[in-house]
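Here are some notes for a colleague who is meeting this structure for the first time. They are best read with the sequence and the 3D view side by side.

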Amino acid sequence: MKLSKYEYHRVRDFIYRKAGIFFEDRKLYFVQKRVEKRLEELNLENTDQYIRELQFRDPNGKELQAFLNILTTNETYFFREFDQLASFAEHCLTEVCERKRKIGNAKLRLWSAGCSTGEEPYTLAIILKEMLENEKDWLVDILATDINTRVLNFAKKGVYEPRAIKDVPQEYLTSWFNSYKKDTYSVKQELKKMCDFRILNLMDKAGLSQISNIDFIFCRNVLIYFDNDSRKQVVSHFYDILNPGGFIYLGHSESMTRISSAFKIRRKGGYIVYQKPEN
Ligand SMILES: C[S@@+](CC[C@H](N)C(=O)[O-])C[C@H]1O[C@@H](n2cnc3c(N)ncnc32)[C@H](O)[C@@H]1O
């Protein structure tokens, strides 16, 4: 099966409209392989049938979900971009906590937007457990969302292979994971309790409007798959969702240049982080 350029554009424009993910022309083969897989699984004969199925015969979005589950890139691991996380723990977390303590607010809300298989939100949970001063006095809540239901199911189980935990410091591995059998690491219940995994498409305005009062947004290595228009849309929602003085962390190859000038650019421990002005 070969996708013609016309068919490819129909598929990729549809995905772009639904999920904000933009596939360039050079991604034709990548998308074609995934269309092939769905054709086989649905017993369909040609791409045209599949496109019709996807666009017009999918009232509940079941096929769109199945397609997105194989189309998204879900690469992640614990303590990804370690130095950025250290800078978060040492600088911004302390700053936000001090501000909140002064006004008697002991609630901290973090959001891992595009959490994939859960390594990022569980990493944040470990950092908070380990680094938050008087941790027991805080009510901490980590919202973890993704568009892909397959990775969310994996994340909820919280069971990982050695590749995922390779950057976890040994003492954290001992404190925060159980290893029931060889080469299997399962996050402890205490961390699981802190993370609330939910499906959310970052292009879904109604879904985004349900989220508020966030102190830190981690949206790392997600918007690289979007184009500038969809990035702008998402980031303007992030602005509304963040508490004044709250921070956004992006991946190391991502930036707000050409996306938004609404945030203050702060340099913390050698890393750039974006802050919503306090007033
Ligand atoms: C490469 S992973 C990043 C995981 C983690 N944030 C990290 O940096 O390690 C990108 C994730 O973004 C999710 N994603 C892509 N488009 C999305 C959308 N429109 N809404 C929500 N999540 C999306 C994918 O399903 C994928 O799990």
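**Notes on the strands and the ligand site**

1. In the hairpin formed by β9 and β10, where two residues lie between the strands, G269 takes a positive phi near 55 degrees. Please keep in mind, here and below, that this is a predicted model.

2. The two strands of that hairpin, β9 (residues 264-268) and β10 (residues 271-275), run antiparallel and are joined by five bridges. Two of the facing positions can be located by eye: I265 stands opposite Y274 in β10, and R267 stands opposite I272 in β10.

3. Strand β10 also pairs with strand β8 (residues 242-250), again in the antiparallel sense, and here the pairing runs over two bridges. On this side I248 stands opposite Y274 in β10, so that Y274 is a useful residue to find when tracing the strands, given that I265 of the hairpin stands opposite Y274 as well.

4. Elsewhere in the chain, three strands form an open sheet in the order β3-β5-β4, with antiparallel pairing. Why is one side of β3 and of β4 left without a neighbour in the sheet? Both β3 (159-160) and β4 (177-178) stand at the edges and have a single partner strand each, so one side of each remains without a neighbour there.

5. Within this sheet, β3 and strand β5 (residues 185-187) pair over two bridges in the antiparallel sense, and Y160 stands opposite Y185 in β5.

6. Turning to the ligand, a reader may ask where the ligand sits. The ligand occupies the largest pocket, where 21 residues surround the ligand, the closest being A19, T76, R80, D146 and N221. By residue class, the shell around the ligand divides into seven nonpolar, nine polar and five charged residues.

7. Several polar atoms of the protein can be matched with nitrogen atoms of the ligand. A backbone N or O atom of G114 lies 2.9 Å from a nitrogen atom of the ligand, a polar backbone atom of L202 is 2.9 Å from a nitrogen atom of the ligand, and a polar side-chain atom of E120 lies 3.3 Å from a nitrogen atom of the ligand. As for how far the ligand is covered, the ligand taken alone exposes 600 Å², and the protein buries 99% of that.

Key. Residues are numbered from 1 along each chain as its sequence is written. This is a predicted model: local features need pLDDT of at least 70, side-chain atom pairs count only at pLDDT 80 or more; totals for chains, interfaces and linings use all residues. Side-chain values use heavy atoms; hydrogens and water are left out. A residue is near a molecule or strand if one of its heavy atoms lies within 4 Å of it. A polar contact is a pair of N or O atoms within 3.5 Å; within protein, one must be able to donate a hydrogen and the other to accept it, and residues adjacent in sequence count only if both atoms are side-chain atoms. Accessible areas come from the Shrake-Rupley method with a 1.4 Å probe; for residues, only the protein chains shown count as cover. On a 1 Å grid over the protein atoms alone, a cavity is a set of points where a 1.4 Å probe fits but cannot get out, and a pocket is an open set with protein on both sides within 12 Å along at least five of seven lines; lining residues have an atom within 4 Å of a point. A molecule sits in a cavity or pocket if more than half of its atoms lie within 2 Å of its grid points. Ala, Val, Leu, Ile, Met, Phe, Trp, Tyr, Cys and Pro count as nonpolar, Asp, Glu, Lys and Arg as charged, and the others, Gly among them, as polar. Two strands pair if DSSP finds at least two bridges between them. Helices (H or I, at least four residues) and strands (E, at least two) are DSSP runs, numbered from the N terminus.
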